[in-house]
Amino acid sequence: MLLVGAAGTGKTHMFSDAAKHYVQTDSPAILLLGIEFTKEEPWTQIRQMLDLTCTTQTFLGALEAAGQSAGRRAIIFIDALNEVEDPSKWQTWLPSMLKCLKRYPWIAIAVSVRTSSEKQIIADHLVTDKLVRCIHRGFDGTEYQAAREFFDFYKLQMPAVPLLTPEFQNPLFLRCLCQGLNNRNLLTIPTVIQGIPSVFDFFLDSVDEKLAKPEFLDYDPESRLVRQAIRQLATRLSQSTGYTIPRTKAKAICDKIYPHDGFKNSLFRHLLSEGVLFETNSNHDTGSQGGKVVTFSYQRMTDRLIMRELLSEHINSTDPAEAFSDGPLGSYFKNEMSCWRKSGLVEALAIQGPETLKKEIFELLPELKQAIPVCEAFIESLIWRAPSTIHPDKCIQYIKAQIAPEANLKLKFLNTILTIVPNPQHPFNADFLHGNLMKFEMAKRYAWWSILLHNEYGENGAVDRLIDWAWSDTDKAHISDESVRL
């Protein structure tokens, strides 16, 4: 199985939960993280991760026997293929693994990948011949129920207005938002929060305020030690070839910022316990303590923090685009393949370019404005950016020139429009959609709508989606689904 989805939709949680359930029911399952893979042959790395000294054939034979004994196939989960140092390696690795596993009918494999990295990692023929492709949409369609679960868990008040903003489809957004509110002892969402970048800042600031309290680390809140540590760690990550740094070096950075007695009172431990940092085993750096490495807990947040440090360090305010052409940032975005490999940073630039530099990504990377990862990052940014950073005239010109002529990009853009139409502050909201659709005859509008929904959700899914959009939970109690279908 191939599981695809945007950052933060819950792919890792889904794999973790499935593996845990499998093991609890006495069925064999192995969960591996993409970030732990290096440049070696994958089966060798897997055996090293599991501390096995046997051959690959012996390992797979034992796993096959365990699955047969349990009466259900053993599953190898590999989460986030895109987090490998060179994700394109999977174009060779994955077909080889699938070919090998054909000899073991009692072993299944499930891999996940970020949607923006799928084309770089997964060969087209694999999806049609070897893999079942599934899309993880996060809380799309169940935003209210999901938010209610989160708000109840953190003992927060549900918003008095409908949850119309698309961020509530994203579990990562909800987790960071609720944890930030809880850290600050707030019960309601502040009006200043718009878009996922502001949620990350809100979350990190809340951790800073919490740890400064006497019952935790008791430091001057104005010193903002968490922010200091985040900046230095992000700078170090920006210099890394992967998304990790050795645990010993990360701890040393934190210890220098906040000297302490014992691990219990260390800033490093608290950043781990608060969910800011995440540590794991790795084959990348055998010289680190126990082979452990550290990164930020959320890849989207990692991309944002790294990009912010890169922009802060290298950008010339008089000519921001210069750093991307002949300057130090050019190595990150040399060509379309580089953009595929650094798709997370491209997405971060599409959000932070307008936010900090007042420049769209296609203005900062004019030579790559036609590149698919740049176009897709721009489309995606329309959901996550604060509406105030979007300049409609400039964006519409780019959409007409680069996105509308390409069928797949146009479909992505139309799906994005359907996501943001309820937001009254967004320049591409329902008024924008209405003004454009009214230019067409009714038959063409219906044809466009039907094709769009059918391509995205399938024939039955399109009807179900229309029902979900058309009626609230209360209305469904009075009007049956069949009535809406008719």
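Helices (H or I, at least four residues) and strands (E, at least two) are here DSSP runs, numbered from the N terminus. The structure is a predicted model, in which local features need pLDDT of at least 70 and side-chain atom pairs count only at pLDDT 80 or more, while totals for chains, interfaces and linings use all residues. Residues are numbered from 1 along each chain as its sequence is written, and side-chain values use heavy atoms, with hydrogens and water left out.

**Exercise 1. Place D208 in the structure and describe its surroundings.**

Step one is to find the element: D208 belongs to helix α9, which covers residues 195-211. Step two is to ask about accessibility, where buried means under 20% relative accessible area, exposed over 50%, and partly exposed in between (1.4 Å probe, protein chains only). With a relative accessible area of 5%, D208 is buried. Step three is to list its partners, contact meaning heavy atoms within 4.5 Å. Once neighbours within four places in sequence are set aside, D208 is in contact with Y219, R224, L225, V226 and R227. For R227, which lies 19 residues from D208 along the chain, the C-alpha atoms of the two are separated by 7.2 Å.

**Exercise 2. Work out how α10 and α13 are oriented to each other, and what kinds of residues join them.**

Begin with the geometry, for which axes are lines fitted to C-alpha atoms, for helices over the stretch in contact, and angles run from 0 to 180 degrees between N-to-C directions. The axes of α10 (residues 225-238) and α13 (residues 299-314) come within 8 Å and cross at roughly 85°. Angles under 35 degrees count as roughly parallel, over 145 as roughly antiparallel, 65 to 115 as roughly perpendicular and the rest as oblique; α10 and α13 are therefore roughly perpendicular to each other.

Next, identify the residues: α10 contributes R227, I230, R231, A234, T235, L237 and S238, which meet T302, L305, I306, R308, E309 and L310 of α13. In the last step, sort them by class, with Ala, Val, Leu, Ile, Met, Phe, Trp, Tyr, Cys and Pro counted as nonpolar, Asp, Glu, Lys and Arg as charged, and the others, Gly among them, as polar. The contact of α10 with α13 then divides into six nonpolar, three polar and four charged residues.

**Exercise 3. Repeat the analysis for α2 and α4.**

Helix α2 (residues 42-49) packs on helix α4 (residues 90-101) at an angle of about 75°, and their axes are 10 Å apart. This pair, α2 and α4, is therefore also roughly perpendicular. Where they touch, P42, W43, Q45 and I46 of α2 meet W93, M97, C100 and L101 of α4. By class, this contact has seven nonpolar residues, one polar residue and no charged residues.

**Exercise 4. Determine which residues of α19 are buried, and how they are arranged around the helix.**

First, pick out the buried positions in α19 (residues 392-403), which are C395, Y398, I399, Q402 and I403. Then look down the axis, taking the arc as that of the directions from the helix axis to the C-beta atoms: the buried residues of α19 fall within an arc of 105°, so they line one face of the helix. The face turned away from this buried side carries the exposed residues D393, Q397 and K400. Finally, ask what covers the buried residues of α19; the answer includes α17 (361-364), α18 (372-384) and α20 (407-420).

**Exercise 5. Compare the settings of A80 and K358, each with a positive phi.**

As background, most residues other than glycine have a negative phi. A80 has a positive phi of about 60° although it is not a glycine, and K358 likewise has a positive phi of about 60° without being a glycine. A80 sits in the loop between β3 (74-79) and α4, whereas K358 is found in the loop between α16 (343-357) and α17. Their accessibility is the last step: A80 is buried, with a relative accessible area of 8%, but K358 is exposed, with a relative accessible area of 59%.

**Exercise 6. Locate the largest nonpolar core and the residues with the most contacts inside it.**

A nonpolar core is a set of buried Ala, Val, Leu, Ile, Met, Phe, Trp, Tyr and Cys residues joined through side-chain atoms within 4.5 Å. The largest one has 101 residues, and those with the most contacts inside it are L267, F296, F333 and F378. Apart from it lies another core of 32 residues, among them I76, L94, M97 and I121.
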